[in-house]
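Open the model in your viewer and get ready to select residues by number. We will go stop by stop.

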Amino acid sequence: PSFATTFQLYMSGSLQEFRTASQETSFSQNVKVEGLATGFVYRFRVRAKVAGLTPYDYPGSEIIQGVPAGLPPAPHSLRVEATTHTSATLRWNASLSSTIRYKVVREVTSSISSSTLSGFRYPQDIEVLEGGTTFTQITGIEEGSVNSFRVYAGNFNGFETVGSNTLADVAPVGAPRSLSVRGVSDTSATLDWLPPLQGAN
């Protein structure tokens with residue numbers, strides 16, 4: 001342009017407002033940003049003004065995201081929140097709120113079906129979730145099987161290899177068995193049943 005334009009870079013971390021990230025410059029169209037933390041997601045935008053004549057334009061350029069090199073820390077406190085006879089709901093705590101994605105790994109350690117045991121005898125990736133999600137429901141678990149789970153955190157550079165705590169001996173809750181009735185009278189009845197084969201104390 002024929003007039004002098006001044007630029008300024010703005011940045012924000014996860015869930016933060018934009019703040020200035022550079023000095024004003026009218027001679028360069030690039031800025032190197034120092035001091036970024038590994039594993040965090042940062043957002044950037046550039047604003048411009050006519051030097052000495054106008055305020056900075058609002059809202060500025062389009063927003064881009066950047067992730068410093070390196071991998072995020074592992075999640076922690078993996079736990080079971082609920083089970084049914086064919087599913088388990090898992091929840092964990094995130095080490096960084098800006099993790100891009102999570103990988104859930106499952107291994108079947110005991111099964112009444114040889115095909116299920118052979119298919120999941122070694123840890124296998126079963127889900128990849130967006131980073132804002134810290135829980136998932138794993139469905140299709142064979143009734144009577146015993147499973148272990150682990151969660152890994154990732155970003156654009158891949159997944160860390162430490163992983164969360166291993167959640168072992170997760171067994172879906174089986175249905176109660178052999179429901180029967182006895183002692184029926186005009187006003188009452190006694191019901192009896194057996195506990196499920198697994199998943200109950």
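**Stop 1: charged pairs**

Select E24 and K49: their side chains meet in a salt bridge, with 3.4 Å from N to O. A salt bridge here is a side-chain nitrogen of Lys or Arg within 4 Å of a carboxyl oxygen of Asp or Glu. This pair links distant parts of the chain: E24 sits in the loop between β2 and β3, K49 in strand β3, and 25 residues separate them. Strands (E, at least two residues) are DSSP runs, numbered from the N terminus. E24 counts as partly exposed, because its relative accessibility is 45%. The scale has three classes: buried is under 20% relative accessible area, exposed is over 50%, and partly exposed lies in between (1.4 Å probe, protein chains only).

A word on the model before you go on. It is a predicted model, in which local features need pLDDT of at least 70 and side-chain atom pairs count only at pLDDT 80 or more, while totals for chains, interfaces and linings use all residues. Residues are numbered from 1 along each chain as its sequence is written, and side-chain values use heavy atoms, leaving out hydrogens and water.

How many salt bridges does the structure hold? There are four. Side chains of opposite charge can pair when their charged atoms come close.

Now select R91 and E81. They form a salt bridge, and their closest N and O atoms are 2.8 Å apart. R91 belongs to strand β6 and E81 to strand β5, ten residues apart. R91 is partly exposed, because its relative accessibility is 24%. E81 is partly exposed too, at 45%.

Next, pick K103 and D125. Their side chains meet in a salt bridge of 3.9 Å, N to O. K103 is in strand β7 and D125 in strand β8 (residues 124–130), 22 residues apart. Is K103 buried or exposed? K103 counts as buried, because its relative accessibility is 17%.

**Stop 2: the three-strand sheet**

Select β5, β6 and β9. They make an open sheet in the order β5-β6-β9, with antiparallel pairing. β5 (76–83) and β9 (135–138) stand at the edges with a single partner strand each, so one side of each has no neighbour in the sheet. Neighbouring strands here are turned by 25 degrees against each other on average, direction ignored. The angle is taken between axes, which are lines fitted to C-alpha atoms; for helices the fit covers the stretch in contact, and angles run from 0 to 180 degrees between N-to-C directions.

Zoom in on β5 and β6. Five bridges join these antiparallel strands. Two strands pair if DSSP finds at least two bridges between them. The two form a hairpin with four residues between them. Look across it: T83 stands opposite A88 in β6, and the bridge partner of A82 in β6 is T89. On to β6 and β9, which pair in the antiparallel sense over four bridges. There, L90 has T136 in β9 as its bridge partner.

**Stop 3: strand β10 and its partners**

Select residues 146–155, strand β10. Eight of its ten residues are buried. β10 pairs with β7 in the antiparallel sense over nine bridges. In that pairing, V104 stands opposite V151 in β10.

Now add β12 (residues 167–170). Two bridges join β10 to β12, and the strands run antiparallel. F149 has L167 in β12 as its bridge partner. Then add β11 (residues 158–159), which pairs with β10 in the antiparallel sense over two bridges. A hairpin joins β10 to β11 through two residues. N155 stands opposite G158 in β11.

**Stop 4: R106**

Select R106, in strand β7 (residues 101–110). Which side chain of opposite charge is nearest to R106? It is E142, 6.7 Å away; R106 is buried yet has no salt bridge. For charge, Lys and Arg count as positive and Asp and Glu as negative, while His and the chain ends are not counted. R106 does have a polar contact of 2.9 Å with the side chain of N147. A polar contact is a pair of N or O atoms within 3.5 Å; within protein, one must be able to donate a hydrogen and the other to accept it, and residues adjacent in sequence count only if both atoms are side-chain atoms.

**Last stop: I100**

Select I100, in the loop between β6 (88–93) and β7. I100 is buried, because its relative accessible area is 19%. Add F159: the two C-alpha atoms are 9.8 Å apart, with their places 59 residues apart along the chain.
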